[in-house]
Structures are given as C-alpha cells and as structure tokens.
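Please take a moment to look over the sequence and the model shown here before reading on. The paragraphs that follow go from one region to the next and explain how the parts lie against one another.

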Amino acid sequence: MKNLFTALLLMPAAVSAMILAASCNKNNGGGPEPEPVAPAAPVITDLSDQLAEEERPVTLKVSILASEGEKAEVTIRGIDDNFSDNAEIPVGKDTPLQWTSLQPACSYEITATAFTGDMSAESSLILTTAEPAEDEGEYLSIVEVTSSSYSFRVRSDSPDGFYFSSGEYAALDYLLPGWSTSDQESLAELLIMLYPFEGSGDTVIECVDGETPEWAEIPVEVWSGTKYFVMAADKDASGNLTGDVAFLEFTTPE
C-alpha cells in the first residue's frame, strides 16, 4: 500500500513534466517560421575623383557594397541619353564598377538592389559626366571634304587677323618650283604670291563649287578626285606674316 500511495503522489509531477516537455517540443519544432527580414539597402559610393581628367567626360566609376541579401544587382540608366546596362554583383564585398563611352555632361541614374526571397531593398544615385575639356585644336584643320566642296577652319588669336588661301595642289609647283612643306620661307613666299584672303578669329571657311563666298570675287571651282591645299598664317596690321604658315593637303572623292 505504501508503494502504491507513493506512486500516486508522484504521478501529477510526472504528468506535469510530460506536458512541459511536449510544450517545449511544440515550440521548437512545430511553431510558425520566423518572418523573413528585408536586406539592408546597398551603399553606392562615387569614385569619380579616381578618374583621369580626360576620362571624366565619358566615364563614371562607383563602388557598391551590398552587405546583406541572397543576391544583388546594379543597373544604370541614362537620363539624358538612351544608355542602359545591368550586372549582378557579389554580396558582402565592396565592388568597383566603371562605365565608359558615355556622353559628356549627361546624367545617369545608378540603382543597386539587394534581394532576399521575395523581399528587396534598393538605393539610387544620380551622377553626371563632366563637361568636355575645351578643345584648343589645331591652328588649321579640315572640317569637311566632298566631291564638290570642302571647308577648313583657322583658329587665330592675332589681333590683326590672318591670311589664307586654297586651290589646286598641282599649281604650286608651277608658281614656285622647289617649294617644300618643311621650308617655312618657301611657304610664306607661296602664300603672298597667291594674293591671300583675310580672316580673323576662329573661322570656318567654306568652298563650294559654283558659289561665290563673301571673301571672294569669282565663283569657286571644286572638282572631284582632285588634290587641293589650304594654308594660313597670322599677320600684323602692316600685312607682314607674324607666325608660321600652316599647310594641309587633301583629295576630293570621286
């Protein structure tokens, strides 16, 4: 009887322990799954200061850190032009990215997104490429050549302007036999012999077959498949040449 009484006294404690164990097991294995947590938004850092001056008008460079998530990706979209690109980047690693061949002085939106399941977080940064450096350019340059026209540009800082002339290349040997592009004295002599026209500042000079420019007195003649020259030099108020004579040659297409 004593042993039976003791067993009956202990039974409620045993039952309670079993209920507690069952309750613990239910919470550990059979309860609701924890709610997923959205990843932190990636961090985008502008690295434009690492670019060379000549790169900045056409290049953007950033560093992106997606510290959380299962995967991450980056997109870039041109606001001022139609450029776009995208790429997947590693999570937990600071990743440098660079885009080249962009348009100068244009804005681009860069967006980095981290994903965890169906959840995501993103951050965006708008960057603008630099203005192109001022092109000092050559003193004398060819602008355009067609079968019936050509144009050239003179960039002069002379307060008294410059002389210029152009025409068929073959005529130069007749005017001054032995002349040479490497002999400035002969080029200066040729320019004066050609009764040059006058211009000033930064000027584009056009020569179109059959048309009479404002600086000429008769119509210009331009033939296809023909070799031509252009030349120019700064002058002073007395008409004396004050700088080297620039000389270019080209052939019009057939």
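A residue is called buried when its relative accessible area is under 20%, exposed when that area is over 50%, and partly exposed in between. The model is a predicted one, and with these terms in hand its helix α3, which covers residues 184-193, can be described through its buried residues, namely S186, L187, L190 and L191. Seen down the axis of α3, these buried residues fall within an arc of 140°, so they line one face of the helix. The elements that cover the buried residues of α3 include β10, α2, β13 and β14, the last of these being residues 246-251.

It helps to set this helix within the whole protein, whose secondary structure comes to 3 helices and 14 strands. Of the 254 residues in the protein, 32% are buried. Among the contacts in the protein with a separation of 6 or more, 61% are between residues 24 or more positions apart.

Some of the elements that cover α3 also belong to the surroundings of the largest pocket, since β10 (162-168), α2 (170-175) and β13 (227-234) are the elements that give two or more residues to its lining. How much space lies in the largest pocket? The space there is about 500 Å³, and 21 residues line the pocket, with S166, G167, F197, I218 and V220 lying nearest its centre. The largest share of the lining, 4 residues, comes from β10. Sorted by class, the lining has 15 nonpolar, 3 polar and 3 charged residues.

Just after helix α3 in the description comes Y195, which is found in the loop between α3 and β11 (197-199). Although Y195 is not a glycine, it has a positive phi of about 50°, and at 71% relative accessibility Y195 counts as exposed. A positive phi is also found at A105, another residue other than glycine, where the value is near 55°. A105 is in the loop between β5 (94-99) and β6, and with a relative accessible area of 32% A105 is partly exposed.

Another loop, the one between β9 (149-155) and β10, holds D157. Is D157 buried or exposed? D157 has a relative accessible area of 77%, and because this is over 50%, D157 is exposed. Although D157 and D234 are 77 residues apart along the chain, their C-alpha atoms are separated by 8.2 Å.

A further region can be followed through three residues, T113, A121 and E68. T113 lies in strand β6, which covers residues 107-116, and at 8% relative accessibility T113 counts as buried. Leaving aside neighbours within four places in sequence, T113 is in contact with P42, K71, A72, E73, S120, A121 and E122. One of these contacts, A121, is found in strand β7, residues 119-128, and A121 is buried as well, with a relative accessible area of 15%. With the neighbours within four places in sequence again left aside, A121 is in contact with P39, A40, A41, P42, A112, T113 and A114, so that P42 appears in the list for T113 as well as in the list for A121.

E68, for its part, is found in the loop between β2 (60-65) and β3 (71-78), and its relative accessible area of 39% makes E68 partly exposed. Beyond its neighbours within four places in sequence, E68 is in contact with A38, P39, A40, V91 and A114, and P39, A40 and A114 are also among the contacts of A121. The C-alpha atoms of A121 and E68 are separated by 9.7 Å, while along the chain these two residues are 53 residues apart. E68 and T116 are 48 residues apart in sequence, and from C-alpha to C-alpha they are 8.4 Å apart in space.

The cysteines can be taken last. C106 counts as buried at 11% relative accessibility, and C207 counts as buried at 1%. How many disulfides does a search of the whole structure find? The search finds 0 disulfides, a disulfide being a covalent bond between the sulfur atoms of two cysteines.

Key. Residues numbered from 1 in each chain as written. Predicted model: local features only at pLDDT ≥ 70, side-chain atom pairs only at ≥ 80, totals over all residues. Heavy atoms only, no water. 1 Å grid on protein atoms, 1.4 Å probe; cavity = no way out; pocket = protein on both sides within 12 Å on 5 of 7 lines; lining within 4 Å. Points joined across faces, edges and corners; volume = space filled by probe spheres on them. Nonpolar A, V, L, I, M, F, W, Y, C, P; charged D, E, K, R; others polar. Disulfide = S-S within 2.5 Å. Buried < 20%, exposed > 50% of the residue type's maximum accessible area, 1.4 Å probe, protein only. Arc of directions from axis to C-beta. Contact = heavy atoms within 4.5 Å.
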